[in-house]
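Thank you for sending this for comment. My remarks follow as numbered points, to be read alongside the sequence and the structure.

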Amino acid sequence: LFFLKRCPNNKGPQNVTHLSEFHLLGLSEDPQLQPILFGLFLSMYLVTVLGNLLIILAVSSDSHLHTPMYFFLANLSLTDICFISIMVPKMIVNIQTHSRVISYMGCLTQMSLFIIFGCMDDMLLTVMAYDRFVAICHPLHYSVILNPHRCVSLVLMSFLVSLLDSLLHNVIVLQLPYFKDMEVANFFCDPSQLLNLSCSDTFISNIVMCFVVTISGFFPISGIFYSYYKIISSIMRIPSSGGKYKAFSTCGSHLSVVCLFYGTGFGVYVGSAVSNSPRKGAVASVMYTVVTPMLNPFIYSLRNRDIRRTLRKRLHSRTIEPHSGPEASIRNLVWKRQPN
């Protein structure tokens, strides 16, 4: 339904929409590119899910990996699976059906889940930085400080903070019944794009947004910076270069993921603020919404010997399993009874 209303803080009347649906922005309008985009994003999605599931399987199946660091890593992998699953399947369906429509409630749901799991990524990366801080700066008290109860409490607290962040975003959006346009300038319901479509810009909404940014951005980044400041200070006091390398190598995977996650996210939002092309911003958003969750398993598996050893052991046990089951025992028994 279209209404001729006067937007707050605007002098002239304009068409404003009381929406039942939104239209998402495609990555390309070229019909010949649609099958390529479909195959590309389907393969990236499958690789992401499979890679993160392998990490979860490795951590859960090997008792040597039942430590706080790998517990947080398994939760990060689960979060990455959920994070990519709220956007990419919908985009794949849109490419296949040549439709970019998403309902109003579907958009709010996608936005809420995007905020929950995106903020969970932030919080878990901060918790993992704290884990490395305790392991390097307080190694003798590591098992006492990060006991199982505290590890579960940290993950639960991360989820509750993410849920609060999502609820605050929903409170802001639900107070905006009218929008200037139905075109969302991204391939998913980006919270910042929805707020840009709002017809009004109230003081209370700005206050709430500052609070949300503080929770989901400033606190996690500050925690990571503080943890690595203490880690680097402790490492610099180690006399031998070999000891410094060994201590810092335990942080290499986490630091790589942190730089990839925050670097791509920061670059996307700075680039979208400078560039006037919404499509370029949507293409850039693929970096932190799709590429980062896909690369995380490769970073941890390639740089972590424990993960590689566990996965290799699992694959090796699968290959020798047919030779060690009941059928193999029967064959051995028959072989022993045969006359020479």
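1. In this predicted model, residues 108-130 are 100% helix and 0% strand, and the C-alpha atoms at the two ends of the span lie 33 Å apart. The span 36-57 is likewise described as 100% helix and 0% strand, with its end C-alpha atoms 31 Å apart.

2. Both spans appear in the unreviewed UniProt entry, where the annotation "transmembrane region" covers residues 36-57, 69-88, 108-130, 151-172, 203-226, 247-270 and 282-302. Please keep in mind that this label comes from that record.

3. Two packed helices are described by the angle between their axes and the distance between the axes. For H4 and helix H6 (residues 148-174), the axes come within 8 Å and cross at roughly 145 degrees, and the crossing is right-handed. Sorted by class, the contact of H4 with H6 has 18 nonpolar, six polar and one charged residues.

4. Which elements give two or more residues to the lining of the second largest pocket? They are helix H2 (68-85), helix H4 (104-137), helix H9 (241-249), helix H10 (252-274), helix H11 (278-303) and helix H12 (305-320). The pocket in question, the second largest, holds about 630 Å³ of space and is lined by 21 residues, of which Met69, Tyr70, Ser249, Thr250 and Asn304 lie nearest its centre. By class, its lining comprises eight nonpolar, seven polar and six charged residues.

5. The model also contains strands, and three of them form an open sheet in the order E4-E3-E5, with mixed pairing. Why is one side of E4 and of E5 left without a neighbour in the sheet? Strand E4 (101-103) and strand E5 (183-184) stand at the edges and have a single partner strand each, so one side of each is left without a neighbour there.

6. Strands of a sheet pair through backbone hydrogen bonds, in either a parallel or an antiparallel way. Strand E3 (residues 21-24) pairs with E5 in the parallel sense, over two bridges, and Leu24 stands opposite Val184 in E5, which is a convenient place to begin when looking at this pairing in the structure.

Notes. Residues numbered from 1 in each chain as written. Predicted model: local features only at pLDDT ≥ 70, side-chain atom pairs only at ≥ 80, totals over all residues. Heavy atoms only, no water. 1 Å grid on protein atoms, 1.4 Å probe; cavity = no way out; pocket = protein on both sides within 12 Å on 5 of 7 lines; lining within 4 Å. Points joined across faces, edges and corners; volume = space filled by probe spheres on them. Helix = DSSP H or I, 4+ residues; strand = E, 2+ residues; numbered from the N terminus. Nonpolar A, V, L, I, M, F, W, Y, C, P; charged D, E, K, R; others polar. Axes fitted to C-alpha atoms, helices over the stretch in contact; angles between N-to-C directions. Left-handed = near helix turned anticlockwise from the far one by under 90°. UniProt positions renumbered as here; feature names shortened; annotations may be inferred. Pairing = 2+ DSSP bridges.
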